[in-house]
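Colleague: I am new to this structure and would like a close look at a single part of it. Could you walk me through one helix and its surroundings?

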Amino acid sequence: MSKHHEREISEHPEVQWALELLKPDPTYYAGPLKNYAAEMGCIGLGSAAVAASNHMLNLPLNAGLHKYAAAVVIGYGIAQLVNKVVDNHKAERDTRLRDYIIRHPELFPEPERVKYKEILQPWIPLR
C-alpha cells in the first residue's frame with residue numbers, strides 16, 4: 001500500500017473501515033484460468049481464425065504455420081492491451097470510490113456489529 005493511501009486513512013479515521021474494504025487482499029489468488037483468460041481467449045481466437053481461413057480455402061489445417069505463429073503473437077499482444085485497459089479501469093474506479101468516501105464521510109457510518117442470536121427468533125416447531 002502506498003504512503004498516499006496510508007495518509008488518507010490516518011486523516012479520516014471515521015471512514016477508515018470503509019477505506020479498508022477497498023484494499024486488496026494480499027492472500028487472494030485468482031487461479032490460472034482467471035489470470036490467463038484474456039491470453040488464452042485471444043490466442044485461441046486468432047488460431048481459430050487461421051484454421052477457419054485454411055478450411056474455407058480447402059487447405060489442410062497445418063498449412064501456413066507462420067500464420068499460426070503470427071496469430072499467437074498478435075493475440076498475446078491484444079490480450080496484454082486488454083489487461084492493461086481493464087486494470088486502469090479498475091484503478092480509476094477504486095480511486096473514485098475512495099475519493100467519494102473521503103469527501104462524504106457522513107454517508108458512511110460504521111455499521112454496528114450484530115450477533116446471530118440478536119437476529120434469529122426463537123424456533124417453535126408447529127405440529
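Modeller: Happy to help; what follows is a walk along helix 5 and the parts of the chain around it. Please keep in mind that this is a predicted model.

Let us begin with the helix itself. Helix 5 covers residues 65-103. With 39 residues at 1.5 Å a residue, helix 5 should span 57 Å, and its end C-alpha atoms are indeed 57 Å apart, so the expected and the computed lengths agree. Its buried residues are Tyr68, Ala71, Gly75, Ala79, Arg98, Ile101 and Ile102.

Now for the partner. Two packed helices are described by the angle between their axes and the distance between the axes. Helix 4, residues 37-56, packs with helix 5 at an angle of about 145 degrees, and the two axes lie 7 Å apart. Their crossing is right-handed. On the helix 4 side, the contact is made by Ala38, Glu39, Cys42, Ile43, Gly46, Ser47, Val50, Ala51 and Asn54. Helix 5 answers with Lys67, Tyr68, Ala71, Val72, Gly75, Tyr76, Ile78, Ala79, Gln80 and Asn83. Sorted by class, this contact has 11 nonpolar, six polar and two charged residues.

The loop between helix 4 and helix 5 is worth a stop, with Asn58 in it. Most residues other than glycine have a negative phi. Asn58 is not a glycine, yet its phi is positive, at about 55 degrees. Asn58 has a relative accessible area of 70%, over the 50% cut-off, and therefore counts as exposed.

Another loop, between helix 3 (32-35) and helix 4, holds Tyr36. Tyr36 is partly exposed because its relative accessibility is 48%. From Tyr36 to Asn83 there are 47 residues in sequence, while their C-alpha atoms are 9.7 Å apart in space. Asn83 is also one of the helix 5 residues in the contact with helix 4.

Finally, let us turn to Ile101 and Ile102. Both belong to the largest nonpolar core, whose six residues also include Val15, Ala18, Leu19 and Leu22. Helix 2 (16-21) and helix 5 each supply at least two residues of this core. Just along the chain, the loop between helix 1 (3-11) and helix 2 contains Pro13. The relative accessible area of Pro13 is 53%, so this proline is exposed. Pro13 and Ile102 are 89 residues apart along the chain, with 10.0 Å between their C-alpha atoms.

Notes. Residues are numbered from 1 along each chain as its sequence is written. This is a predicted model: local features need pLDDT of at least 70, side-chain atom pairs count only at pLDDT 80 or more; totals for chains, interfaces and linings use all residues. Side-chain values use heavy atoms; hydrogens and water are left out. Axes are lines fitted to C-alpha atoms, for helices over the stretch in contact, and angles run from 0 to 180 degrees between N-to-C directions. Helices (H or I, at least four residues) and strands (E, at least two) are DSSP runs, numbered from the N terminus. A crossing is left-handed if the near helix is turned anticlockwise from the far one by less than a right angle, and right-handed if clockwise. Contact means heavy atoms within 4.5 Å. Ala, Val, Leu, Ile, Met, Phe, Trp, Tyr, Cys and Pro count as nonpolar, Asp, Glu, Lys and Arg as charged, and the others, Gly among them, as polar. The expected span of a helix is 1.5 Å times one less than its number of residues. Buried means under 20% relative accessible area, exposed over 50%, partly exposed in between (1.4 Å probe, protein chains only). A nonpolar core is a set of buried Ala, Val, Leu, Ile, Met, Phe, Trp, Tyr and Cys residues joined through side-chain atoms within 4.5 Å.
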